[in-house]
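Let's take a walk through this fold, starting from a charged pair and working inward from there. Keep the viewer open as you read.

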Amino acid sequence: MARGTRCWQASIIAILTSSVWPVLALGALCTIPLGPGNASPEEPYWLETIEHRGLSAFNENSNTYPVFRNVKFYGAVGDGITDDTDAINRAIEDGHRCGQGCDSSTLTPGLVYFPKGTYLVSRPIIAWYYTGLVGDARHIPTLLAAPGFDGLAVIDADPYIPGGGGAQWYQNQNNFFRSVRNFIIDLRGMPAASKATGLHWQVSQATSLTNVRVEMSQEPGNNHQGIFMENGSGGFMGDLLFRGGKYGIWVGNQQFTVRNLTVEASEIGIFASWNWGWTFQDLKVRNCQTFHVIPSGGTTQGTQTVGAEVFLDVEVTNTPIFIRTSQSTRNSLAGSILIDNARLSNVPNAVVEANGFVVLRGGDMTIIHWAQGNIYSGQATTPRFIQGHMTPPHKARSLLDSGGNVVGRSRPQYEDYTVDQFVSVKTYGAKGDGVTDDTKALKEVFDKFAGCKIIYFDAGTYIITSTITIPTGTQVVGELWTVIMGQGYSFADPYHPVPVIRVGERCSQGVLEISDMVFSTRGSAPGAIVVEWNVGDPPGRQAAVGAWDTHGAAYGSHLGSAECPKQREATERCYAAFLAFHLTASSTAYLEGLWVWLGDHDLDGDHQQITIYSGRGILSESAGPVWLVGTGKTEHHALYQYNLAGARDHYIGLMQTETPYYQPSPPPPHPFHVESRWQDPEIYGERAAWGLAVKASTNILVYGAGLYSFFQDYTQACIATSSCQEQILMVDSESKISIFSLSTVGTRYQLSIGGRGVIQSSRNRNGFASTVTSWTPASRRHYTEAVVLPTPGEYEYQIW
């Protein structure tokens with residue numbers, strides 16, 4: 001059913017019940033809508049001059065601890081001559097923060113700001129845990145590596161300990177909460193022969209790398225690289241440019257989503273050492289020798305190479321080789337590749353093996369849809385290996401931009417706005433101290449300024465005891481993962497759940513933007529819907545409604561190891577939520593870098609495993625369009641991590657889930673109940689949560705999925721036999737969904753239809769994970785020759 005029809009029905013109900021129909025209205029103190037920014041050309045970024053009153057609510061020195069730090073206040077000069085390394089690192093370290101040996105902490109956040117300038121550095125800038133490194137978005141600062149730079153990378157998110165035998169500051173899979181944006185990193189002053197590196201980016205969830213440019217040597221035979229990433233469990237990065245170097249980026253990580261990446265004049269644009277699954281969306285490659293080198297052939301955990309990669313909406317120009325694999329994989333799965341909508345110009349070879357064999361010829365052409373790997377359709381239980389063209393999936397027009405690419409939207413930074421176009425929630429009495437009930441103060445700010453001011457949440461933890469509605473037409477920005485935390489009786493009844501945060505009223509339309517926030521609950525909250533998302537794009541706009549770098553985990557929840565240690569018996573005090581995130585029928589959404597996490601361990605305190613319960617992860621009933629870009633991880637919820645019920649026009653890439661570690665003690669739905677009014681999927685006797693459940697849904701595109709089941713009752717012996725759970729992804733027989741690059745761990749069946757297992761993981765071993773390159777509900781034709789588009793929209797195929 002279309003959104004308009006649903007809202008028309010809702011309006012009739014509203015009239016019949018004498019309810020007020022929701023309309024976009026300005027706050028009580030507004031005279032005109034916000035409009036464009038007022039900043040003059042030379043004015044600094046608003047973040048530099050706004051009053052900073054943020055605090056770390058649970059830090060023992062919360063009244064004096066500095067969340068915001070301007071590097072120039074710590075002695076940095078930014079003249080390109082003075083060595084600013086020590087001053088910058090002093091700014092980062094200030095306040096007894098979480099460094100070497102800390103493991104993790106949310107109690108010592110640091111927003112480290114760089115005004116415009118050129119900052120000469122001779123050693124690494126270390127991005128400590130829970131740190132945002134932010135440059136002036138109006139006048140992008142440069143980090144200039146000194147000719148004698150000594151260290152692994154200009155920015156290092158996980159340093160190696162000297163003499164530590166390979167040990168590092170943090171555990172790579174738990175290296176959460178980092179943000180780097182608005183920088184030029186210049187390595188060109190370093191010798192071309194040196195292994196100069198822009199960023200050592202070994203990170204996990206709740207991390208983002210955006211609006212960064214790395215300049216490297218373009219001398220033949222140079223050894224520079226933009227990114228070095230050898231491990232981790234990410235993550236999202238986007239809006240990046242790498243120019244020159246031996247490698248644009250050198251990466252290895254369990255999974256990652258990359259959007260809007262440009263690589264120019266590199267010998268090798270991307271070298272991937274290993275992964276289970278990556279999704280690259282919106283790539284631009286110019287004047288490289290080879291765009292992507294893929295080590296392939298590993299089909300066991302001990303021989304892990306690159307498991308699965310998706311290339312969606314790609315432009316490659318003046319590059320002899322698009323993709324080069326290390327081994328021949330012409331007969332069976334040993335590294336999955338999907339290329340969708342790749343436009344090549346002067347690219348002689350599209351896919352080549354290391355021995356020189358040309359798998360796919362290039363030229364001036366468009367590859368519509370090409371795959372290497374195991375493909376399935378319908379209820380077929382036996383894979384077909386393919387190394388060739390396939391019929392492309394149907395892509396709803398609502399998901400595509402005017403050029404036919406899947407829509408992508410950069411996070412709003414409001415760089416053209418002035419401080420007087422913002423209002424701080426603290427101006428009207430909100431405390432953010434983790435103690436005070438800020439419900440009334442926050443409602444007052446929204447009531448007065450929605451639609452005419454950008455609502456600024458200074459760092460802190462804002463306790464609320466009833467639903468806060470973010471009105472349609474509002475922009476919300478946090479200082480550094482600012483927390484709104486619901487607690488109390490309003491969220492205590494699982495039979496009458498209510499939202500903590502309501503994003504717009506039902507069937508409302510207009511602009512709404514949220515960035516750098518965390519939404520959470522405190523104590524027992526079995527009736528909490530953490531986020532209810534209602535607002536839809538206004539007519540003629542795409543992705544006007546969205547959230548960026550916004551998550552769901554925070555300290556102060558009273559759900560840590562002290563209250564909820566690892567256990568088998570569910571206790572009432574350890575219920576975190578009824579439902580984490582609900583996209584209602586009339587909503588649209590662009591969600592980028594969203595982490596819907598139910599904690600499996602304590603980020604603070606003793607860092608031990610915990611047992612807490614949330615009934616459901618992400619429920620979408622939206623008629624679309626919805627873009628879920630890098631929404632990993634959605635983890636540890638009791639019934640499901642993703643549930644698409646009556647949904648339409650969704651793009652998802654890359655999605656990643658984990659099953660609760662405690663299951664099957666108790667099994668789903670315990671300690672909750674299956675409720676049809678909440679579109680809960682059938683369990684079919686399963687003893688572990690669904691990673692993804694889909695019913696009565698249409699035009700669903702999944703470009704990359706990692707669905708993992710690592711534990712069974714907190715033990716891991718089941719991984720070796722893929723028996724941690726029986727089924728993990730279920731679709732019904734009527735939904736129209738295309739799934740590409742599906743990698744699973746620990747489950748017997750990778751895909752089920754109506755509760756019956758169809759695709760066995762044992763048939764698709766691909767390293768540590770098992771991978772299905774493509775599954776569609778019905779059989780599709782396959783093609784042998786590359787596709788040429790003489791004019792936009794015209795397909796020409798040569799059919800077997």
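Start with Glu 215, which is buried, with a relative accessible area of just 3%. This is a predicted model, so treat every value here as computed from predicted atoms. The side chain of Glu 215 meets that of Arg 213 in a salt bridge, 2.8 Å from N to O. Arg 213 itself sits at 31% relative accessibility and so counts as partly exposed. Why can such a pair form at all? Side chains of opposite charge can pair when their charged atoms come close.

A second pair to look at is Arg 502 with Glu 532, whose side chains form a salt bridge at 3.3 Å, N to O. Arg 502 belongs to strand S30 (residues 498-503) and Glu 532 to strand S32 (residues 528-533), so this bridge ties together parts that lie 30 residues apart in sequence. Here too one partner is buried, namely Glu 532 at 7% relative accessible area, while Arg 502 is partly exposed at 23%. Back at the pair we began with, Arg 213 and Glu 215 turn out to be part of something wider: salt bridges with shared partners join them with Arg 243, Glu 264 and Arg 286 into one network.

How many salt bridges does the structure hold? The count is 27. One of them brings together the side chains of Arg 123 and Asp 86, 2.3 Å apart from N to O. That pair links distant parts of the chain, 37 residues apart: Arg 123 is in the loop between strand S4 (118-121) and strand S5 (125-126), and Asp 86 is in helix H3 (residues 85-93). Arg 123 counts as partly exposed at 36% relative accessibility, and Asp 86 is partly exposed as well, at 42%.

Now turn to strand S14 (residues 247-252). Six of its six residues are buried, so the strand is largely enclosed by the rest of the structure. What does S14 pair with? Strand S12 (residues 225-229) runs parallel to S14 and is joined to it by four bridges, and strand S16 (residues 268-274) pairs with S14, also in the parallel sense, over five bridges. Tyr 247 is a handy residue to follow across: Gln 225 has it as a bridge partner in S14, and Tyr 247 stands opposite Ile 268 in S16.

From there, the nonpolar interior is a natural next stop. The largest nonpolar core has 105 residues, and those touching the most other members are Leu 133, Ile 155, Trp 201, Ile 227, Phe 311, Phe 322 and Ile 339. Strand S21 (residues 336-353) gives the most to this core, with seven residues. Another core, of 69 residues, lies apart from it, and includes Cys 30, Phe 581, Ala 589 and Leu 751. As for Ile 227, its contacts beyond four places in sequence include Thr 197, Leu 199, Trp 201, Leu 209, Met 237 and Phe 242, as well as Gly 248, Ile 249, Trp 250 and Val 251.

Last stop: Ser 752, in strand S50 (residues 747-753). Is it buried or exposed? With 0% relative accessibility, Ser 752 counts as buried. Its side chain makes a polar contact of 2.5 Å with the side chain of Gln 727. Beyond four places in sequence, Ser 752 also touches Leu 729, Met 730, Val 731, Gly 757 and Val 758.

Definitions and conventions:
Residues are numbered from 1 along each chain as its sequence is written. This is a predicted model: local features need pLDDT of at least 70, side-chain atom pairs count only at pLDDT 80 or more; totals for chains, interfaces and linings use all residues. Side-chain values use heavy atoms; hydrogens and water are left out. Buried means under 20% relative accessible area, exposed over 50%, partly exposed in between (1.4 Å probe, protein chains only). Helices (H or I, at least four residues) and strands (E, at least two) are DSSP runs, numbered from the N terminus. Two strands pair if DSSP finds at least two bridges between them. A nonpolar core is a set of buried Ala, Val, Leu, Ile, Met, Phe, Trp, Tyr and Cys residues joined through side-chain atoms within 4.5 Å. Contact means heavy atoms within 4.5 Å. A polar contact is a pair of N or O atoms within 3.5 Å; within protein, one must be able to donate a hydrogen and the other to accept it, and residues adjacent in sequence count only if both atoms are side-chain atoms. A salt bridge is a side-chain nitrogen of Lys or Arg within 4 Å of a carboxyl oxygen of Asp or Glu.
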